[in-house]
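Student: Please take me through one region closely, starting with a sheet and moving outward. Keep it brisk.

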Amino acid sequence: MNLYHRKDGRWEGRITKDKEQGGKRHFFYFFGKTKEEVIRKMQKKKNQKQSQKNTMLTVTFSDAFQKWFQNIQISIKESTRSNYAMKAQKHLLPAFGEMELCEITADVIYAFIDQKQKDGLSNRYISDILILLKTIFKYISRIYQISNPMTEIAPLKKKTSEIQILSQNHAKELQQTLVKKASIPSNLGILLSMATGIRIGELCALQWKDIDLEKRTLTVKKTIQRIQCANEFAKTKLILTEPKTESSKRIVPIPEYMVEILQKHVKNSSIFLVSGKEKPMEPRTLQYRFARILKNGKLPSVHFHALRHMFATNCIQLRFDVKTLSELLGHASVETTLNKYVHSSFAQKAMLMDRLQLLV
């Protein structure tokens, strides 16, 4: 027992905690005026640790997860709650659910990662699952006073592939096709996405009341997404909810050419712009329509999200400052804008390289 009389007249005692990553030891410290007082405090802590250790023998990961999930539900969005539940039901609970908390070590988690890679999951998706597991174990380690095995898990390497976007000529062809048939609400929506970089979920949630043609602005304050249902008859459902982050809520100026196009097709304030009805269009449906337009126009096949990347790249080429562009896109930081949404063409790279001169 570590117990001694201090120079200041008090007694001090300490009890070893569990070892952390790397084997470093940490301690609980106790102080008192008398030796007996410190011994009582130390014995009380030892009894608590033994009680917690006994409890740990019966607590499974499933039990701890349910307790964590119940506590966090009131503080997260419905879409986040659905995402957590899906990842837990599909990946975490089948792997760890019946295991006692003390059995889940770093080796067990690495074996889980290895199996998910063999199942064909990308490192990016596995990393998303591990982020959730890390959040759960942060709660578990605090509530049950155990070491967190996630502290020993190294981040996975993620493959970064640059998204394919349309060339300027192909973008021009697409734009001209859409302008000719802008009376079709979905075409009008695609044009607006090219002009503002708005996300597909935000675009599908946009109503005419969110567009002020006099001020030449649109207000992003909601988004549409499909989520997994819990304890309901349907497997999934479409929800109209707030954007993904606070920075995503924004007012975006509309280019003058786009205002002129919109003025020709104005609808009642309650009408959704993309669907042309009082009921919104699902983002997946808009993706299908976009793909069909590209195919019919014999244009390269790109994802709808490429329009957002094209908008960002064009803005940089037009010398927009990055801070302004970041706010237009609804990003929380300029790093996201630069790292994910700015693409330079090979022609631009070649032009810039030609500026280099032989040293004389």
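Tutor: The sheet comes first, then the packing and a few charged side chains.

The model is predicted: local features need pLDDT of at least 70, side-chain atom pairs count only at pLDDT 80 or more, and totals for chains, interfaces and linings use all residues. Residues are numbered from 1 along each chain as its sequence is written, and side-chain values use heavy atoms, with hydrogens and water left out.

Three strands make an open sheet, ordered E4-E5-E8, with antiparallel pairing. Strands (E, at least two residues) and helices (H or I, at least four) are DSSP runs, numbered from the N terminus. Two strands pair if DSSP finds at least two bridges between them. Strand E4 (211–212) and strand E8 (250–253) are the edges, each pairing on one side only. Between E4 and strand E5 (residues 217–220) there are 2 antiparallel bridges. Asp212 has Thr217 of E5 as its bridge partner.

Now the packing. The largest nonpolar core has 50 residues. Such a core is a set of buried Ala, Val, Leu, Ile, Met, Phe, Trp, Tyr and Cys residues joined through side-chain atoms within 4.5 Å. Buried means under 20% relative accessible area, exposed over 50%, and partly exposed in between (1.4 Å probe, protein chains only). Leu174, Leu192, Ile211, Met258, Leu262, Leu273 and Leu286 touch the most other members. E5 supplies at least two residues of this core, as do several helices, including helix H7 (185–196) and helix H8 (200–204). A second, separate core holds 32 residues, among them Phe65 and Phe112.

Look at Leu192. Beyond four places in sequence, its contacts (heavy atoms within 4.5 Å) include Leu203, Leu218, Ile254 and Met258.

Next, Glu202, which lies in H8. Glu202 counts as buried because its relative accessible area is 3%. Setting aside neighbours within four places in sequence, Glu202 contacts Val220, Lys222, Thr223, Pro243, Ser248 and Arg250.

Compare a lysine in a loop. Lys235 sits between strand E6 (223–228) and strand E7 (236–241). Lys235 is exposed because its relative accessible area is 70%. Outside four places in sequence, Lys235 contacts Ile227, Gln228 and Cys229.

One more lysine. Lys116 belongs to helix H4 (residues 106–118). Lys116 is buried but has no salt bridge; Asp119, the nearest side chain of opposite charge, is 4.3 Å away. A salt bridge needs a side-chain nitrogen of Lys or Arg within 4 Å of a carboxyl oxygen of Asp or Glu. For charge, Lys and Arg count as positive and Asp and Glu as negative; His and the chain ends are not counted. The side chains of Lys116 and His91 do make a polar contact of 3.1 Å. That term means N or O atoms within 3.5 Å; within protein, one must be able to donate a hydrogen and the other to accept it, and residues adjacent in sequence count only if both atoms are side-chain atoms.
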